[in-house]
Amino acid sequence: MSAPALEPRAFLHLLFNGARVLDVVETAQRLGLLDALEPGPTTVGTLAAAHGFVPARLQKFLDCLESAGLVRRTPAPPPGETQYTAVSGLGAAVRAVLGPRSQERDRETYDWRALHGHLPEVLRGERSIAPESFDWPPRTPEQVAAFEASMAAGLGPIRETFLAHAATLLPPGSRLLDVGGGDGTLGASLLEALPGLRVDVFNLPACGPLVERTGRERGVEERLGFVAGDFLREPLPRGHDTLAFVRVLHDWPEDTARHLLAAARDALPPGGRVLICEEFRTPARLAAQFFWSYFLMGVDSCASALRDLDFYTRELTGLGFRDVEVFPGPFELVTARRA
């Protein structure tokens, strides 16, 4: 059961009351109401008795959740028997988006307030994010560390997709090059689950200490390597049977993405596999990407944009890759083999 799309006026009402909507949702999570509502159905009376709430006040609280499309109501006479059920997956969504270590919490640390209230000047090119706050590509060790920590915060669904298809994509003995692989968090997660795997991260030199730290902390330093380089200026390292681009290609213009795929083809042996795991363009992912769409209006050097999945399958075919497939998961995974 999912929430229907709201008509524009209702949607704008909710946007204006956004802080209050979040207060209601976080309270429902904190008090355990979502645990009762998601399996549902349940009534106001049942909930009020179980939690010691004033029924009339709880009724208004549930109206708030219903107005946001997060709870369904099934009227029944008498009114006290009306039943409520949360939309499927609400509890997990609240934990992922509003949890203490969520991506959205992390994004609050960025200097988005430099743009807030000044979008006309931003759109005219008169106001930008200061380079010392955010530069692209990251320049200083501090910027690199902050960016890679931010990227690591959202790797859970990607790890889930990789592991779901590991038997096919990463059989024992595989050597994986994680191109632009951040601080090695994804590589370490895969190594913990796949003892026959070896992972090397190829990234800017400033990421070397971050990868080494991840390897030590996760106990996989013997199988998690690091190769320093700049994929915009250097060929990709050889010697790996699998190359992965994980949330990398969408950060660059189409010509650059195409160049990186060609570089992967050149670095792979015949039959070697390329893996692409991106936030492909869908309505849900555009919503999840809202912060970056907003923030990067003030950073001209970053061309980050979600692309349709077909862009990648089309480009791989055009570059001569074979066996182009799309594996399902929380983040779809595009794979292809070098001819």
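**Exercise 1. Find the strand that holds Phe202, and decide whether this residue is buried or exposed.**

Solution. Start with the place: Phe202 sits in strand β5. Keep in mind that you're looking at a predicted model. Next, take the accessibility. Phe202 has a relative accessibility of 2%, and buried means under 20%. So Phe202 counts as buried. As a last step, pick out Val54, which is 148 residues away from Phe202 along the chain. The C-alpha atoms of these two residues are separated by 58 Å.

**Exercise 2. Work out the strand order of the sheet that contains β5, and say which strands stand at its edges.**

Solution. Walk across the sheet one strand at a time. The order is β6-β5-β4-β7-β8-β10-β9, which makes 7 strands in an open sheet with mixed pairing. Now look at the two ends of that list. β6 (224-228) and β9 (322-327) each have a single partner strand, so one side of each has no neighbour in the sheet. Between neighbouring strands, the average turn is 20 degrees, direction ignored.

**Exercise 3. Describe how β5 pairs with β6, then find the helices that pack on the sheet.**

Solution. First, the pairing: β5 covers residues 198-203 and runs parallel to β6, with 5 bridges joining them. For one concrete pair, take Asp200, whose bridge partner in β6 is Gly225.

Then move on to the helices. Helix α10 (residues 156-164) packs on the sheet and touches β7 (242-246), β8 (273-277) and β10 (333-337). Its direction makes about 145 degrees with that of β8. Helix α13 (residues 208-218) also packs on the sheet, touching β5 and β6. The direction of α13 makes about 180 degrees with that of β6.

**Exercise 4. Trace the partners of β10 and explain why this strand is described as largely enclosed.**

Solution. Take one side at a time. β8 and β10 run antiparallel and are joined by 5 bridges; here Arg273 has Arg337 of β10 as its bridge partner. With β9, β10 also pairs in the antiparallel sense, over 4 bridges. In this pairing, Glu325 has Thr335 of β10 as its bridge partner. β9 and β10 form a hairpin, and 5 residues lie between them. Finally, check burial: 4 of the 5 residues of β10 are buried, and that's why the strand is largely enclosed by the rest of the structure.

**Exercise 5. Locate Asp183 and find the nearest side chain of opposite charge.**

Solution. Begin with the loop between β4 (175-179) and α12 (185-193), where you'll find Asp183. Asp183 is buried, yet has no salt bridge. The nearest side chain of opposite charge is that of Arg213, 4.7 Å away, while a salt bridge asks for a nitrogen and a carboxyl oxygen within 4 Å. What does Asp183 touch, leaving out residues up to four places away in sequence? The contacts are Glu148, Ala152, Leu210, Val211 and Thr214.

**Exercise 6. Describe how helices α2 and α6 pack.**

Solution. Get the two numbers first: the angle is about 115 degrees, and the axes are 11 Å apart. Helix α2 spans residues 18-30 and helix α6 spans residues 90-98. For the handedness, α2 passes α6 in a left-handed crossing. From α2, the contact uses Leu22, Val25, Glu26 and Gln29; from α6, it uses Val94, Arg95 and Leu98.

**Exercise 7. Compare Arg247 and Asp323 by backbone angle, place and burial.**

Solution. Take the angle first. Arg247 isn't a glycine, but has a positive phi of about 50 degrees. Asp323 isn't a glycine either, and its positive phi is about 55 degrees. Next comes the place: Arg247 lies in the loop between β7 and α14 (254-267), whereas Asp323 is in strand β9. Now burial. Arg247 counts as buried because its relative accessibility is 8%. Asp323, at 42%, counts as partly exposed.

**Exercise 8. Find where the cis peptide bonds before Pro41 and Pro137 lie.**

Solution. Go along the chain. The bond from Gly40 to Pro41 is cis, with omega near -10 degrees, and Pro41 is in the loop between α3 (33-37) and β1. Further on, a cis bond joins Trp136 and Pro137, with omega about -5 degrees. Pro137 belongs to the loop between α8 (119-123) and α9 (141-152).

Conventions:
Residues numbered from 1 in each chain as written. Predicted model: local features only at pLDDT ≥ 70, side-chain atom pairs only at ≥ 80, totals over all residues. Heavy atoms only, no water. Pairing = 2+ DSSP bridges. Axes fitted to C-alpha atoms, helices over the stretch in contact; angles between N-to-C directions. Contact = heavy atoms within 4.5 Å. Buried < 20%, exposed > 50% of the residue type's maximum accessible area, 1.4 Å probe, protein only. Lys, Arg positive; Asp, Glu negative; His and termini not counted. Left-handed = near helix turned anticlockwise from the far one by under 90°.
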